[in-house]
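Colleague: Before I build anything on this complex, I would like to go through the reasoning behind the labels attached to it.
Modeller: Then let us put the model up and take the labels in turn.

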Amino acid sequence: MKKLLATASLVVAVGAVSLIALSLQPAGGKAGEVTTGRSLFDYSAATGNIEPASDGIPVTARLLEHGEWVFRGLCIGCHGVEGDGNGAVWELGEQYAGEHQLPRKPRDFTEAVYKLRSTPSGSLPTDADLFRSISRGLVLEQDMPAFKFLPERDRWAVIAYIKSFSDRWEEEAEWQEDPIEIGEPPMPDVAMVDAGEKVYELMQCEQCHGPGGKGDGPSAPGLEDDAGLPIVPRDFTDASQFVGSNEPQGVYQTFTTGLDGTPMPSYADFLDEEQRWQLVWYVISLRPEFDLETARNEMMAMQETKLARLQNQ
Amino acid sequence: MRRSLNVVLTFTLALVFAATANAAKYKEEAVSNGGDLKGTITYNGVIKTRTALPTKDKEVCGKPRKIPLVMLGDGGAVQDAVVYLKDVESGKAWPDMQRPVINNIACIFEPHVQVARRGKVDILNSDPVLHNTHGYYGKATAFNVALPFKDAKVTKILKRFGPVRTDCDAHGWMLGWVVVVPNPYFMQTGSDGNYSITDVPPGDYTLVVWQEQIGETETPVTIKAGATTEISIELGG
């Protein structure tokens, strides 16, 4: 019975996922090719919110059941019925096309190791972190579509469900570390970007990412992720979306807490606030679509939207 | 369809509860009429090696070399095996244990093997190059911290029991171990391969021997009140 169900849901899932993938693929867009997103920081053209409107909803058996339904409908094609990342999209590509159809393996929820966390390296993410990742999507047009169009209840439900795949959430509850705080990013200018380059050298980011940020540092060859698959240090001059948020706060979080499950380490203990923002703007300045003018305008627009949201509350 | 959904759900919830039960904490309690356990760990088999092949920072990291994965003393005695008892619910107090330190020195983790209890660990860089100490439980990242310059220090928390392997993505050949034990009934063997575990509440337990190449070997043991039980283990493989 379980096998039958699994097979049936796989077939459904492959269909669903291809549909999602198709509908999100911009005309002529190919992985690795320059595709202009909506803006420097926001890549998905879909409507919906990335920031949760509430702190979540209480987990009940009913919510979990609803979460399973959402998971079966939208996620198993990639993440697999067992939540181990061995969904049909991952497995069948290997089987029939001789190569995986995704550049990175879908997350294995049974290990509960997450890249995108506001919490220190080695900690579980907060529910809000998961909410944002699922809403924003990861490396759009390559890894995982954005699900920000889903009703919030669906998103909280599927979060409760994917957490049920691992007992880490129970075992480590008493050791859970607090999220870091990320303040408001300063407006970028030339001096800040230049200072950031010095911080980049001081912190030896170039050992992996290379002196020009092209992902070709001396430690780059042979790196692997937790799944044992080859992984390259991000090429900052590549136009694709980051795994995390492309906003300055997102880059800040990436090198502060690290991307667990990958060689990308946490630098939480080494930089002061000013140096962090300098480094952030240096990294963002390497992106092909970057110029100071646009970045400043978008920062301004972001601040206005935020203000408007606060005023509406 | 509906029914099977419910089945899966119940199963998941059951798992969650089972996990909670497993995480039960060790209780310190006076032990009356405890027994002792001692023996020698030996190895009789092929010793594998790994290769340290510095590709960068050669002036700090040294020359290419082969490193055996089992450290043998006289008569096949195994050094750096960690011997401990599993499933002890309560017993003697933890000894005073200093916070464990993982030192990166000459691109080697020092010490290579150490035992710790759940809690904090200090990670230190004694080299003038970037290291990143990346710990794993099995294949899953336990933490990954950059140590960008000499004397950089970071404190992390070992949250779960079991062997934590450490490597360095910046120097792929580096390898070290911290074995996080669930209770104070443990010992790391020296070059004579001997271990001795004292003051164990009488009862049936599982004796675990962890060794870098061989992994975990489990042996059932019975501890008798006021007596010394001798169990020597020859690891195979």
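**Labels and their grounds**

Colleague: Why is Q249(A) called buried?
Modeller: This is a predicted model, and in it Q249(A) has a relative accessibility of 18%; buried means under 20%, so Q249(A) counts as buried.

Colleague: Where does Q249(A) sit, and what is it in contact with once its neighbours within four places in sequence are left aside?
Modeller: Q249(A) belongs to helix α10 of chain A, which covers residues 248-257, and with those sequence neighbours left aside it is in contact with I182(A), G183(A), P185(A) and W277(A).

Colleague: How many helices and how many strands does chain A have?
Modeller: Chain A has 12 helices and 0 strands; of its 313 residues, 51% count as buried, and among its contacts between residues at least 6 apart in sequence, 68% join residues at least 24 apart.

Colleague: What makes you say that the largest nonpolar core lies between domain 1 and domain 2 of chain A?
Modeller: Domain 1 (2-175) and domain 2 (190-312) of chain A both give residues to this core, so it lies between them. The core has 85 residues, of which F71(A), W281(A) and L158(B) touch the most other members. Apart from that core there is a second, separate one of 34 residues, which includes V115(B), F186(B), I197(B) and I231(B).

Colleague: Which residues is F71(A) in contact with, leaving aside those within four places in sequence?
Modeller: Among them are I76(A), H79(A), F109(A), V158(A), Y161(A) and F165(A), where contact means heavy atoms within 4.5 Å.

Colleague: On chain B, which strand holds T228(B), and how far is T228(B) from K150(B) in space?
Modeller: T228(B) is in strand β22, residues 228-230 of chain B; T228(B) and K150(B) are 78 residues apart in sequence and 48 Å apart in space, taken C-alpha to C-alpha. Leaving aside neighbours within four places in sequence, T228(B) is in contact with D36(B) and K38(B).

Colleague: What is the predictor's confidence in chain B, and where is the pLDDT below 50?
Modeller: The mean pLDDT of chain B is 91, and 89% of its residues reach 70 or more, but over residues 1-23 of chain B the pLDDT is below 50, although this stretch has 20 contacts in the model beyond near neighbours in sequence. For the complex, the predictor gives an ipTM of 0.88 and a pTM of 0.89.

Conventions:
Residues are numbered from 1 along each chain as its sequence is written. Chains are lettered from A and ligands numbered from 1 in the order in which they are written. This is a predicted model: local features need pLDDT of at least 70, side-chain atom pairs count only at pLDDT 80 or more; totals for chains, interfaces and linings use all residues. Side-chain values use heavy atoms; hydrogens and water are left out. pLDDT is the predictor's confidence in each residue, from 0 to 100. Helices (H or I, at least four residues) and strands (E, at least two) are DSSP runs, numbered from the N terminus. Buried means under 20% relative accessible area, exposed over 50%, partly exposed in between (1.4 Å probe, protein chains only). A nonpolar core is a set of buried Ala, Val, Leu, Ile, Met, Phe, Trp, Tyr and Cys residues joined through side-chain atoms within 4.5 Å. Domain bounds come from an automatic or database domain assignment.
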